[in-house]
Amino acid sequence: MYFRVAADALLLLHLAFILFAVFGGAFAARWRWTPVLHLPAVAWAVFVELSGRICPLTYLENSLRRSAGQSGYPGDFVQHYILALIYPAGLTREIQFMLAAMVAAINVVIYVWIVLRWRAPAGRA
């Protein structure tokens, strides 16, 4: 039972990391130290998608699930949990490139907005 709970907790942590990598730049509008944590997360997410690697958290989750008597799953987190909702056909290299580009583009837009906001005169911000 403990392994299953740990696997489920890791699943939620993994999802939180992905959401932070995609949208975490928005926190920089409030907390200026956020990019110190966020930009490495973005770099890792883009690297994993572009390289076609599987995130180490996926291996750990599968190991915990097997220890709990459950079966692990083939592929990576995105393919198993997220792509099943968005792209029923499965994960391809083209989709991975598109996901990486989306993560990068979303964050470029967020950071451009934040920089413009920081540079705006105090009366306009």
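These legends accompany four close-up views of a predicted model.

**View 1. The largest nonpolar core draws on three helices.** Six residues make up this core: Ile18, Val22, Val42, Val46, Ala100 and Val103. At least two of its residues come from each of helix 1 (2–23), helix 2 (34–51) and helix 5 (93–119). In soluble globular proteins, nonpolar side chains tend to be buried together. A good place to start looking is Val46, which touches Ala100, Val103 and Ala104 once residues up to four places away in sequence are set aside.

**View 2. Helix 2 keeps its buried residues on the same side.** Buried along this helix are Thr34, Pro35, His38, Ala41, Val42, Ala45, Val46, Val48 and Glu49. They cover an arc of only 165° around the axis, so they sit on the same side of helix 2. An α-helix has 3.6 residues a turn, so residues three or four places apart point the same way. If you would like to check the length of helix 2, its 18 residues should span 26 Å at 1.5 Å a residue, and the end C-alpha atoms are indeed 26 Å apart, which agrees. Look just after helix 2 as well, where Gly52 takes a positive phi of about 75°.

**View 3. Helix 1 and helix 5 cross, with Asn107 among the contact residues.** Two packed helices are described by the angle between their axes and the distance between the axes. Here the axes of helix 1 and helix 5 come within 7 Å and cross at roughly 55°. That angle falls outside the ranges for roughly parallel, roughly perpendicular and roughly antiparallel, so the two helices are oblique to each other. Helix 1 contributes Ala21, Val22 and Phe23 to the contact, while helix 5 brings Val103, Ile106, Asn107 and Ile110. Asn107, in helix 5, deserves a second glance: its relative accessibility is 4%, and because buried means under 20%, Asn107 counts as buried. Leaving aside neighbours within four places in sequence, Asn107 is in contact with Ala21, Val22, Gly25, His38 and Val42.

**View 4. Asp8 and Arg65 are 57 residues apart in sequence.** Asp8 belongs to helix 1. Its relative accessibility is 25%, and because partly exposed runs between 20% and 50%, Asp8 counts as partly exposed. From C-alpha to C-alpha, Asp8 and Arg65 are 8.7 Å apart in space.

Notes: Residues numbered from 1 in each chain as written. Predicted model: local features only at pLDDT ≥ 70, side-chain atom pairs only at ≥ 80, totals over all residues. Heavy atoms only, no water. Core = buried A, V, L, I, M, F, W, Y, C linked by side-chain atoms within 4.5 Å. Buried < 20%, exposed > 50% of the residue type's maximum accessible area, 1.4 Å probe, protein only. Helix = DSSP H or I, 4+ residues; strand = E, 2+ residues; numbered from the N terminus. Contact = heavy atoms within 4.5 Å. Expected span 1.5 Å × (residues − 1). Arc of directions from axis to C-beta. Axes fitted to C-alpha atoms, helices over the stretch in contact; angles between N-to-C directions. Parallel < 35°, antiparallel > 145°, perpendicular 65-115°, else oblique.
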